[in-house]
Amino acid sequence: MNNKLQIYTDGACSGNPGIGGWGAVLINRNTGEEKYLSGAENVTTNNKMELTATIESLKSINKPSEIELYTDSQYVKNGINIWIINWKNNGWKTANKKPVANKELWIELDKIVQFHNVQWFWVKGHSGNHYNEIADQLAVKAMNI
């Protein structure tokens, strides 16, 4: 895999549920080229937008890649790295035997990450990280169009 990328993702929501947006910045680590992605939904939640940003950014990459993915969502990072193992073993139920929220998005993300080599990183939101701020701006702009 010589395709190496950094991805920064963010989701935003006005009301929870409410209108939401997502944004992502993809940076080719070989060339420095940047690509911006964003989208919106009329009725959604912040967690769905965080997941959607991650899913859509990974889906946009057509060949297997080495990816450093940065998210300000502990929900996304812990969900894909820790919780999903038990969710799948428990028939998509939480430790409290309740259905996993956003199950369809988690299944899609789980499938997509098998295609790439993804390392997950958490970055504190709204703390001046350049690319996280751009992802946030993209998400808010998409939500407000």
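Leaving aside residues up to four places away in sequence, which residues does Leu-109 touch? In this predicted model, its partners are Leu-51, Thr-54, Ile-55, Leu-58, Ile-80 and Trp-120. Let's use that residue as our way in.

Leu-109 belongs to the largest nonpolar core, which has 28 residues. Together with Leu-58, Ile-67, Trp-106 and Trp-120, Leu-109 touches the most other members of that core. Many parts of the chain contribute here: strands E1 (4-15), E2 (18-28), E4 (66-71) and E5 (117-122) each supply at least two residues, and so do helices H1 (46-59), H2 (74-89) and H3 (103-113). A general tendency is worth keeping in mind: in soluble globular proteins, nonpolar side chains tend to be buried together. Apart from the largest core lies another one, made of 9 residues, including Ile-27, Val-123, Tyr-131 and Ala-135.

Now let's look at two of those helices, H2 and H3. Two packed helices are described by the angle between their axes and the distance between the axes. For H2 and H3, the angle is about 100 degrees and the axes are 11 Å apart. Angles of 65 to 115 degrees count as roughly perpendicular, so that is how H2 and H3 are placed relative to each other. On the H2 side, the contact is made by Tyr-75, Val-76, Gly-79, Ile-80, Ile-84, Trp-87 and Lys-88. H3 brings Trp-106, Leu-109, Asp-110 and Val-113, so you meet Leu-109 again here. The residues of this contact divide into 8 nonpolar, 1 polar and 2 charged.

Next come the aromatic rings. The structure has 7 aromatic pairs. One of them joins Trp-87 and Trp-92, whose ring centres are 6.4 Å apart and whose planes stand at 40 degrees, so this pair is tilted. Both of these tryptophans are buried. Trp-87 also pairs with Trp-106, this time edge-to-face, with 5.2 Å from centre to centre and 65 degrees between the planes. Because Trp-87 lies in helix H2 and Trp-106 in helix H3, this pair ties together parts that are 19 residues apart in sequence. Trp-106 is buried, just as Trp-87 is. Along with Tyr-75 and Trp-83, the residues Trp-87, Trp-92 and Trp-106 form one aromatic cluster.

Finally, is Gln-74 buried, partly exposed or exposed? Gln-74, which has its place in helix H2, is partly exposed, because its relative accessible area is 36% and partly exposed covers values between 20% and 50%. Not counting residues up to four places away in sequence, Gln-74 touches Gly-79, Trp-83 and Trp-122.

Terms used: Residues numbered from 1 in each chain as written. Predicted model: local features only at pLDDT ≥ 70, side-chain atom pairs only at ≥ 80, totals over all residues. Heavy atoms only, no water. Core = buried A, V, L, I, M, F, W, Y, C linked by side-chain atoms within 4.5 Å. Buried < 20%, exposed > 50% of the residue type's maximum accessible area, 1.4 Å probe, protein only. Helix = DSSP H or I, 4+ residues; strand = E, 2+ residues; numbered from the N terminus. Contact = heavy atoms within 4.5 Å. Phe/Tyr/Trp six-rings, centres within 6.5 Å; stacked < 30°, edge-to-face > 60°. Axes fitted to C-alpha atoms, helices over the stretch in contact; angles between N-to-C directions. Parallel < 35°, antiparallel > 145°, perpendicular 65-115°, else oblique. Nonpolar A, V, L, I, M, F, W, Y, C, P; charged D, E, K, R; others polar.
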